[in-house]
Amino acid sequence: MSNPQKKRNFQIEAFKHRVAVDPKYADKTWKVLEHAIHEIYNHNASGLSFEELYRNAYTMVLHKFGEKLYAGLITSITAHLKKISKSIEDVQGGLFLEELNRKWNEHNKALQMIRDIFMYMDRTFIPSTRKTSVHEMGLILWRNHAIYYSNIRTRLLNTLLELVHRERTGDVINRGLMRNIIKMLMDLGSSVYQGEFEQQFLEVSAEFYKGESQKFIECCDCGEYLKKAEKRLNEEMERVAHYLDGKSEAKITNVVEKEMIENHMLTLVHMENSGLVKMLLDDRYEDLGRMYTLFRRVPNGLLTIREVMTSHIREIGKQFVTDPEKLKDPVEFVQRLLDEKDKYDRVINLAFNNDKTFQNALNSSFEYFINLNARSPEFISLFVDDKLRKGLKGFSEEDVEVILDKVMMLFRYLQEKDVFEKYYKQHLSKRLLSGKTVSDDAERSLIVKLKTECGYQFTSKLEGMFTDMKTSHDTMQGFYASHPELGEGPTLTVQVLTTGSWPTQPTVTCNLPAEMSTLCEKFRSYYLGTRTGRRLSWQTNMGTADIKATFGKGQKHELNVSTYQMCVLMLFNNSDRLSYKEIEQATEIPASDLKRCLQSLALVKGKNVLRKEPVSKDVVEEDAFFVNDKFVSRFYRVKIGTVVAQKESEPEKQETRQRVEEDRKPQIEAAIVRIMKSRRVLDHNNIITEVTKLLQSRFLANPTEIKKRIESLIERDFLERDNVDRKLYRYLA
């Protein structure tokens, strides 16, 4: 193998002698470059050798003439720009912007060529001396000598603002030219765009919209005004998209929002015959949606709508629940509440973007006025009773759930949920005992909803009522199985109710017919014989009976009546005519119940199986009764209801209220003890606050009652007062 050749190191050394440079070299070279710049601006660049020009500029920098080159360039461009500015200034009329745009484009092209020639200076000399680049310097010079030239500066601003105004008033303008001019200002720097155009544009716009909004307010209704405001807002956004800086959008929309919406918010919402209230009343979803969209853009806009809406709903709600006429029909009353709630739910959903703050305001308003009517808990329970008796017949399972959910929504608004529970229990017991419930599933579904809302304690007794109904059915099967001889004659169906689960009823004595009395005794013996430690008391006021009756012409009917009505009718088997006193003596039915019972038997058209003398609309103690031999009905089975007020009488109402108040006492005491047990020491005001908070899911505790319960607990040594501060309480373990 051959040996590799040794590497040779070459070294370049500087000239040992000084190179002489022509003293006039710099001036001569600059003259060539200056001539080239002149030719470029005069559109004669085609004859220039850019390679040679680049070399000249390169050599000047290399020979340390960069400063002369840079200064000369500035002087040369400045001279040309002064001429250009003068030519732009001389243009008359509407051609001004076109000329400015043309000269700007020419300047940019010239600048590009100049930059190519001076590229070496741009890359070496300028960064090292921290001077402005050729391109930047060209823009600055254009700004200073063209845009800032006094006669052009004012004219440019006025022309641009005039074109915008013309476009706003319906004229068509050259948007392409506008875009180019605005882009020129932006290319010169954001401060130029803002200072030479945007600032004044916003000021002029504010004045324009201030005047226009005032004109619209005077001649338009609220809906029309909002349409115009929306149109103007969209126009400004479109204008920005077409020829303004994107950053201007927020600023110009703020101007429109302030002048057209924010400054007129209260006037718009309260506008007579067309403002927010009128829109709500007429379900103008489109206008309401537009108002919501526009008002949400300004400070406190949605708050203003919300406050006016809340005030309106509270006002109409208050009028509704305090109108005696509206309170006459509880079912209609609750249905109207549900309809109102549906109406405003639709408004919030369709127009207010399902805004939770509006939903909360609506809930708060309903809670406010529903609780102004002390009978709302009773009315809601009566509504449920009506629906579960007959109102839900033919409804699908989904529809039933929707109605029950709406009932639960109203229930949530109630401050006195325990009052609703009392009435609901009464109405449920009557439905179950009379077998009038339209659907067991619907009944149980509502109880599950109540349980979810208020806990097991709230519904345990209601569930017990259903258990009793099932147990009673099994008990009756056992009774008849052990008494096969009862197959013939009257039949008895007994519902055995657990005292604690069902509404307390006064035990009323009533003399049953002998046939039924014997049967009842047999059942008592059977029941007590199969169970230990039980006691039975008959609630004859809650029962019903089916009896067969034969009238004058041998016409037979089966009458469905109450136990009291049965007792009265059976008396006529042995008597043709009986006075009120005789009936009262024989049956021992309480006077108020007996009168209602006789009214329903003798005074209800089509159901009057008895007649009375003298003929009158009411039953009095001097009346006499006899069988209506002429009674006819096209139905074989005739149901005779008891004349009874759907709503409670005043004494009944007082009794229910009293029972509610009594039931609250142990709950308040339990809450006080629970709080004091964990806190040990607490002052009076804090106890009131915490007890109210703890019990608010069931009822609104009265501070006076809380104070009484505290006194009661002190007497029973659960609490004691502090010796020094009498408003401070201590828990005694």
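Is Glu711 buried, partly exposed or exposed? In the predicted model, Glu711 counts as partly exposed, because its relative accessibility is 27%. This residue takes part in a salt bridge with Arg721, in which the closest N and O atoms are 2.6 Å apart. The pair links distant parts of the chain, since Arg721 belongs to strand β8 and Glu711 to helix α29, with their positions 10 residues apart in the numbering. Arg721 is likewise assigned to the partly exposed class, because its relative accessible area is 24%.

The strand that carries Arg721 is part of an open sheet of 3 strands, arranged in the order β7-β9-β8 with antiparallel pairing. Strands β7 (681–683) and β8 (719–721) occupy the edges; each has a single partner strand, so one side of each is left without a neighbour in the sheet. On average, neighbouring strands of this sheet are turned by 30 degrees against each other, direction ignored. The antiparallel pairing of β7 with strand β9 (residues 728–731) extends over 3 bridges, and Asp683 stands opposite Leu728 in β9. Two helices are associated with these strands. Helix α28 (residues 684–695) lies across β7 and β9 and runs at about 95 degrees to β7. Helix α29 (residues 703–715) packs on the sheet through β8 and β9, its direction making about 100 degrees with that of β8.

Helix α29 also contributes to a second ion pair. Glu669 and Arg709 form a salt bridge, with the closest N and O atoms 2.8 Å apart. Glu669 lies in helix α27 (residues 650–679) and Arg709 in helix α29, so the pair ties together parts that are 40 residues apart in sequence. Both Glu669 and Arg709 are buried.

A further open sheet consists of 3 strands in the order β1-β2-β6, and its pairing is mixed. The edge positions are held by β1 and β6 (637–639); each of these has a single partner strand, so one side of each lacks a neighbour in the sheet. Neighbouring strands are here turned by 25 degrees against each other on average, direction ignored. Helix α24 (residues 563–571) packs on this sheet, touching β1 and β2, and its direction makes about 130 degrees with that of β2.

Strands β1 and β2 form a hairpin with 5 residues between them, and Gly554 in the turn has a positive phi of about 75 degrees. The antiparallel strands β1 and β2 (residues 556–562) are joined by 7 bridges. Thr550 stands opposite Lys556 in β2, while the bridge partner of Lys548 in that strand is Glu558. Side chains alternate along β1 (residues 544–550): Ala545, Ile547 and Ala549 point to one face and are buried, whereas Thr544, Asp546, Lys548 and Thr550 point to the other and are not.

In total, the count comes to 54 salt bridges. Among them, Asp323 and Lys326 meet through their side chains at 3.3 Å, N to O. Asp323 counts as partly exposed because its relative accessibility is 24%, and Lys326 is partly exposed with a relative accessible area of 29%.

A nonpolar surface patch of about 250 Å² is made by Tyr54, Tyr58 and Leu62. Of these residues, Tyr54 lies in helix α2 (residues 50–62) and counts as partly exposed, because its relative accessibility is 31%.

Key
Residues numbered from 1 in each chain as written. Predicted model: local features only at pLDDT ≥ 70, side-chain atom pairs only at ≥ 80, totals over all residues. Heavy atoms only, no water. Pairing = 2+ DSSP bridges. Helix = DSSP H or I, 4+ residues; strand = E, 2+ residues; numbered from the N terminus. Axes fitted to C-alpha atoms, helices over the stretch in contact; angles between N-to-C directions. Contact = heavy atoms within 4.5 Å. Buried < 20%, exposed > 50% of the residue type's maximum accessible area, 1.4 Å probe, protein only. Patch = residues over 30% accessible without salt bridge, like charges linked within 9 Å, V, L, I, M, F, W, Y side chains within 5 Å. Areas by Shrake-Rupley, 256 points an atom, 1.4 Å probe, with all protein chains shown as cover. Salt bridge = Lys/Arg side-chain N within 4 Å of Asp/Glu carboxyl O.
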